[in-house]
Amino acid sequence: MEANGLGPQGFPELKNDTFLRAAWGEETDYTPVWCMRQAGRYLPEFRETRAAQDFFSTCRSPEACCELTLQPLRRFPLDAAIIFSDILVVPQWTLMTYMVEGGGSSTMAQAKRWLYQRPQASHQLLRILTDALVPYLVGQVAAGAQALQLFESHAGHLGPQLFNKFALPYIRDVAKRVKARLREAGLAPVPMIIFAKDGHFALEELSQAGYEVVGLDWTVAPKKARECVGKTVTLQGNLDPCALYASEEEIGQLVKQMLDDFGPQRYIANLGHGLYPDMDPEHVGAFVDAVHKHSRLLRQN
């Protein structure tokens, strides 16, 4: 946030800082909401824009990225915009699992085989990726990003032992080094979010890993998550993405229950994972509107 120190020059004054205040643990008038993959294929305008060029050409075009970033904000009163890119474009197809597997996998068996059979090489690769990731994230902040989210998309494939050995140390290192580099560069601190899918077994460790926000998938009960992490971090999540296939009325009921369970403060509403390409934009709008409506009512009681 601009008020916390130096920031990129030439940006207009921020009109809605509710998401940032919630991330920092400050009180908000309502619960902020955004959706993972909100700039995605469920929007007809996204598909039209993307049809003009291949994916990585799009990622390298500031004009195309800006257009895709703004498309969902033109439709919905979201409280955060995702700067469009792949999860990481250095290297292409994100990080270690895809480098080893060569593509998607339901088991990640080849990547896990590396961890068991080549632990030293695995650590070496993870250090190389961390060394590339830190300046990449700092560069995003220097270019105007006001929050950062780090994904560990395959925590559930690792389980507690492998996660603690091969994921958690690098998750901690990224947060520590990014914060230090921002200070060295004279840049304002930004809230950092860690989202480890299916990592419910490591919530306590993640809450102590140096991040202001811990994201939850839909398999975690909000009240149990809060008991586990305490009140020192903000929680984010965790509606089942498939709930958006329900009627708009039922979406409203599910959102109300979710807000009741998480409580009115130190919380950012989101899905437990990303939007799917066949989802109805109207139902996304119903989700966003329900969060704003019910969270305001919750604060009045």
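Strands β1 and β2 (residues 192–196) run side by side in the parallel sense, held in register over five bridges. Strands here, like helices, are DSSP runs numbered from the N terminus (E, at least two residues, for strands; H or I, at least four, for helices), and two strands count as paired if DSSP finds at least two bridges between them. Within this pair, Phe151 sits opposite Phe195 in β2. The model is a predicted one, so local features need pLDDT of at least 70 and side-chain atom pairs count only at pLDDT 80 or more, while totals for chains, interfaces and linings use all residues. Residues are numbered from 1 along each chain as its sequence is written, and side-chain values use heavy atoms, with hydrogens and water left out.

The β1–β2 pair belongs to an open sheet of five strands, in the order β1-β2-β3-β4-β5, with parallel pairing. At the edges are β1 (148–152) and β5 (267–271), each of which pairs on one side only. Direction ignored, neighbouring strands of this sheet are turned by 20° against each other on average; axes are lines fitted to C-alpha atoms, for helices over the stretch in contact, and angles run from 0 to 180 degrees between N-to-C directions. Further along, β3 (residues 213–215) and β4 (residues 234–239) pair in the parallel sense over three bridges, and Val213 faces Thr234 in β4. Helix α11 lies across β4 and β5, at about 155° to β4.

Edge strand or not, β1 is largely enclosed by the rest of the structure, because four of its five residues are buried. Buried means under 20% relative accessible area, exposed means over 50%, and partly exposed is anything in between (1.4 Å probe, protein chains only). Take Gln149, which is found in β1 and counts as buried at 18% relative accessibility. Leaving aside neighbours within four places in sequence, Gln149 is in contact (heavy atoms within 4.5 Å) with Trp34, Met36, Ile193, Phe195 and Gln236. Gln149 and Val214 are 65 residues apart in sequence, with 9.4 Å between their C-alpha atoms.

Just ahead of the strand, Ala147 sits in the loop between α7 (119–142) and β1. Ala147 counts as partly exposed, at 22% relative accessibility. Not counting residues up to four places away in sequence, Ala147 touches Phe19, Leu20, Val190 and Pro191. From Ala147 to Cys65 the C-alpha separation is 17 Å, across 82 residues of sequence.

Now for the empty space. Rolling a probe the size of a water molecule over the atoms shows where gaps are left. Worked on a 1 Å grid over the protein atoms alone, a cavity is a set of points where a 1.4 Å probe fits but cannot get out, and lining residues have an atom within 4 Å of a point. Grid points are joined across faces, edges and corners, and a volume is the space filled by probe spheres set on the points. The count comes to one cavity of 30 Å³ or more, and the largest cavity holds about 40 Å³. The lining of the largest cavity is made up of Ala196, Gly199, His200, Leu203, Leu206, Val214, Gly215, Leu216, Asp217 and Val220. Two elements, α9 (203–207) and β3, give two or more residues each to that lining.

As for charged pairs, a search of the whole structure turns up eight salt bridges, a salt bridge being a side-chain nitrogen of Lys or Arg within 4 Å of a carboxyl oxygen of Asp or Glu. Asp17 and Arg21 form one of them, with 3.0 Å between the closest N and O atoms; Asp17 is partly exposed at 26% relative accessible area, whereas Arg21 is buried at 18%. Lys197 pairs with Asp198 at 3.3 Å between the closest N and O atoms. In that pair Lys197 counts as buried at 18% relative accessibility, and Asp198 as partly exposed at 26%.

Back in α11 (residues 248–262), Lys256 and Asp260 are separated by about one helical turn, because they lie four residues apart in the helix. Their side chains meet in a salt bridge of 3.4 Å, N to O. Lys256 is partly exposed at 41% relative accessibility, and Asp260 is partly exposed as well, at 35%. Elsewhere, Asp131, Asp173 and Arg177 are linked in a network of salt bridges.

Conventions:
On a 1 Å grid over the protein atoms alone, a cavity is a set of points where a 1.4 Å probe fits but cannot get out, and a pocket is an open set with protein on both sides within 12 Å along at least five of seven lines; lining residues have an atom within 4 Å of a point.
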